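Work through the exercises below with the sequence and the model side by side. Try each task before you read its solution.

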Amino acid sequence: MFRSSIVALALLAAPAAIAQQVEGPTRIFTGSDLFGLEQASDPRISPDGSKVAYVRRTGDVMADAMRPSIWLVDVASGKQTPLVASGSSPRWSPDGGRIAYVANEGSGAQLYVRWVATGATARVTGLPTAPSAIEWSPDGTRLAYVMLVPDEATKLGKAPPRPEGAKWAPALEVIDKVTYRTDAGGYLKPGYNHIFVVSAEGGAPRQLTFGRFHDDGPLSWTPDGRTILFSAVRTSDWEQEPRNSEVIALDVASGALTPLTKRYGPDAKPRVSPDGRLIAYLGYDDKRVSHMLTHAYVMDRDGSNVRALTPNLDRSIDDMVWAPDGRTLIVSYDDKGVKKVARLGMDGALSPIAAGLAGGGLDRPYTGGEFSVSARGTVAYTGGDTQRPADVFVGGRRLTRLNDDLLGTKSLGQARELAVRAPDGRDVPSWLVTPPDYRPGTRVPLILEIHGGPHSAYGPTFSTDVQLYAAGGYAVLYTNPRGSTSYGADFANLIDKNYPGPDYDDLIAAVDAAIAAGVADPDNLFVTGGSGGGVLTTWIVGKTNRFRAAAAQKPVINWISEALTMDNTLMTSRYWFEKKPWEDPMHYWARSPLSLIGNITTPTLVVVGSEDYRTPVSESEQLYAALQIKGVPTMLVKVPGASHGGFTARPSQSAAKASAILAWFDRYRRPPAAAAAND
């Protein structure tokens with residue numbers, strides 16, 4: 001039997017950092033460079049369109065974190081000015097004279113207001129929990145926000161009286177909620193999210209919504225300042241129907257609530273038109289398939305005359321705001337692996353404004369990006385490419401170049417699109433990244449990197465994992481197999497109730513295309529991926545022994561156990577399978593990689609965050625145990641304190657995780673093939 005091996009990541013990145021300090025800079029992208037990266041997010045253009053306030057996330061090597069600060073960039077000159085040393089969620093007042101934001105200066109996260117002309121700053125709240133979804137009133141006198149209102153924990157029975165001075169164990173924790181923990185927050189504290197308003201000059205906040213329901217942002221004021229629009233599930237079965245939210249009108253004076261939508265399915269992100277006559281919102285009819293397109297809708301102020309604006313757009317709208325003219329919307333959506341911004345007319349016509357948006361996590365090349373619109377119609381957004389993380393753009397012009405000093409001195413892997421055709425004739429969108437020192441006509445080891453979701457999409461964006469793998473001498477292949485978003489509902493639902501399945505053929509076809517292109521060494525193939533990519537990594541090595549080694553990151557290995565232990569309790573059994581686990585256990589088993597363990601001979605590394613509640617740690621531990629029992633070379637790598645979504649949030653752990661995967665692959669990597677690419 002193989003010796004049990006569990007590796008903690010806390011110190012794995014340190015040797016590389018020390019070596020660089022001793023030996024001097026290198027043109028190769030290294031794990032230490034993650035601390036030097038910066039990224040723009042949440043760009044907020046001023047009402048007059050002259051400035052953009054944005055959040056600048058900067059690596060902090062001493063704190064091992066990406067620190068958020070708020071900066072101003074002048075649109076005309078590109079000149080940057082630091083505004084807040086540590087803060088997030090900048091929001092311009094309607095007159096453009098002030099910026100509200102959230103910061104923690106020692107008393108928990110609070111709301112602050114800064115006067116742009118003078119630099120004066122005032123703290124306007126003293127809240128027990130962090131505010132979110134902040135929104136100025138139209139007259140600039142008030143701020144609305146969402147905050148968790150603590151509640152008493154559920155009790156069942158009671159302990160005997162405790163003698164004075166006795167040190168007893170903590171009280172029992174009684175759980176009675178359908179969703180009792182989340183990946184981002186862990187076990188939920190008792191309480192409910194509600195809406196508040198506070199004077200922009202400070203004072204006591206006023207709670208506007210109440211009850212044992214969660215009220216969600218974003219918030220949208222009507223122009224007269226009398227009503228706030230929001231979304232929530234406020235029915236007696238809200239725990240069993242978490243997606244069945246409605247758009248609700250909140251009377252600010254009385255607190256009266258009026259639901260404006262009523263179909264089965266989520267209605268959210270309401271936006272009131274500039275003249276107050278119309279409300280735009282996003283949603284869909286919930287058909288309980290694994291992927292549903294989110295459409296844009298518009299209705300009259302009272303909820304009547306609902307009409308879909310995008311029934312013929314085979315893409316999901318992810319965000320929208322009204323254009324100043326009040327007759328069109330500015331929307332964003334993913335299209336073939338690229339996030340775009342466009343103007344949407346009331347007739348459903350789309351006019352492109354910008355493409356190539358980028359933002360979100362740095363580790364993998366997912367689609368992402370954000371935008372905002374000035375009172376004059378100017379659009380600011382975050383954009384990037386395979387060579388640079390997100391910067392601030394206005395009108396197609398890059399205003400910031402946050403990483404030019406660092407990455408301009410680095411030799412990075414170069415990406416290109418790769419034509420791939422699946423066995424059934426479908427195109428498989430793919431990108432191939434070659435090592436920095438790649439010489440055309442030579443073959444190199446290949447890493448197939450698979451995205452998660454599975455309903456998500458990769459695109460031509462910057463990725464630290466991809467660049468670190470390329471710096472290690474590997475070509476990196478990443479794809480959008482069937483099931484991926486941004487290619488239409490039919491393409492995404494080719495894996496509905498059948499995942500993993502035919503997406504395997506797409507991935508293998510992409511590997512064959514990389515070999516046929518003369519880049520990949522067929523005797524040096526490796527595979528990795530996270531979440532849904534971890535599922536497919538394990539599925540692949542259960543189907544073929546073509547790969548010399550694999551690294552399954554935060555996988556699902558057993559759909560029955562995952563369905564009953566993940567944070568979204570209702571998700572798997574409701575949307576990914578026709579029946580409950582106890583009603584059709586063999587269907588769950590047939591789609592579980594655990595069913596293929598008997599076929600696996602490929603050395604397989606297993607990697608997971610120790611606080612992962614989405615694809616729980618027990619899934620990775622089952623895979624590790626099964627491989628050990630079967631005698632397949634394996635190790636289990638845990639990322640201490642990391643959740644599923646925060647798997648690579650800390651730079652040292654992100655770098656060390658990639659280093660561990662490379663070290664595993666290097667163990668099984670054959671010497672470079674001497675044959676020319678056309679041999």
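**Exercise 1. In which strand does P218 lie?**

Solution. The model is predicted. Step one: find P218, which lies in strand β16. Step two: look at the bond before P218. The peptide bond from G217 to P218 is cis, and its omega is near 5°. Step three: set this against the general rule. Most residues other than glycine have a negative phi, and most peptide bonds are trans. Step four: look for another cis bond. One joins G453 and P454, with omega of about 0°. P454 sits in the loop between β34 (444–450) and α3.

**Exercise 2. Find the order of the strands in the open sheet that holds β16, and say which strands stand at the edges**.

Solution. Step one: read the order. Four strands run β16-β17-β18-β19, and their pairing is antiparallel. Step two: find the edges. β16 (215–221) and β19 (257–259) each have a single partner strand, so one side of each is left without a neighbour in the sheet. Step three: note the twist, which averages 30° from one strand to the next. Step four: take one pair. Strand β18 (residues 246–251) and β19 are joined antiparallel over three bridges. L250 stands opposite L257 of β19.

**Exercise 3. Do the same for the open sheet that holds β2**.

Solution. Step one: the order is β2-β3-β4-β5, a sheet of four strands with antiparallel pairing. Step two: β2 and β5 (80–84) are the edge strands, and each pairs on one side only. Step three: the twist from one strand to the next averages 35°. Step four: strand β4 (residues 65–74) and β5 run antiparallel, joined by four bridges. W71 has P82 of β5 as its bridge partner.

**Exercise 4. Is strand β25 largely enclosed or open?**

Solution. Step one: apply the cut-off. A residue is buried when its relative accessible area is under 20%. Step two: count. In β25 (residues 328–335), eight of the eight residues are buried, so the strand is largely enclosed by the rest of the structure. Step three: check the faces. In a regular strand the side chains alternate between the two faces of the sheet. In β25, T328, I330, S332 and D334 are buried on one side, and L329, V331, Y333 and D335 are buried on the other.

Step four: find the partners. Strand β24 (residues 317–322) pairs with β25 in the antiparallel sense over five bridges. One bridge partner pair is M320 and V331. Strand β26 (residues 338–345) pairs with β25 over eight bridges, also antiparallel. Here Y333 stands opposite K340.

Step five: inspect the turns. The hairpin of β24 and β25 has five residues between the strands, and G326 in the turn has a positive phi of about 70°. The hairpin of β25 and β26 has two residues between the strands, and K336 takes a positive phi near 55°.

**Exercise 5. Which strand gives the largest share of the lining of the second largest pocket?**

Solution. Step one: note the volume of this pocket, about 1400 Å³. Step two: locate the centre. Of the 43 lining residues, R44, E135, R271, V321 and V373 are the closest to it. Step three: list strands that supply at least two lining residues each; among them are β2 (38–45), β16 and β24. Step four: pick the largest share. It comes from β10, with five residues. Step five: sort the lining into 22 nonpolar, 12 polar and nine charged residues.

**Exercise 6. Compare the settings of A133, S89, T464 and G356**.

Solution. Step one: A133 lies in β10. Its phi is near 55°, a positive value in a residue other than glycine. A133 is partly exposed at 30% relative accessible area. Step two: S89 lies in β6. S89 also has a positive phi near 55°. At 24% relative accessibility, S89 counts as partly exposed.

Step three: T464 lies in helix α3 (residues 464–471). At 2% relative accessibility, T464 counts as buried. Beyond residues up to four places away in sequence, its contacts include F29, L362 and S654.

Step four: G356 lies in strand β27 (residues 350–357). G356 counts as partly exposed, at 26% relative accessibility. Leaving aside neighbours within four places in sequence, G356 touches V338, K339, G383 and G384.

How values were computed. Residues numbered from 1 in each chain as written. Predicted model: local features only at pLDDT ≥ 70, side-chain atom pairs only at ≥ 80, totals over all residues. Heavy atoms only, no water. Pairing = 2+ DSSP bridges. Axes fitted to C-alpha atoms, helices over the stretch in contact; angles between N-to-C directions. Buried < 20%, exposed > 50% of the residue type's maximum accessible area, 1.4 Å probe, protein only. Contact = heavy atoms within 4.5 Å. 1 Å grid on protein atoms, 1.4 Å probe; cavity = no way out; pocket = protein on both sides within 12 Å on 5 of 7 lines; lining within 4 Å. Points joined across faces, edges and corners; volume = space filled by probe spheres on them. Nonpolar A, V, L, I, M, F, W, Y, C, P; charged D, E, K, R; others polar.
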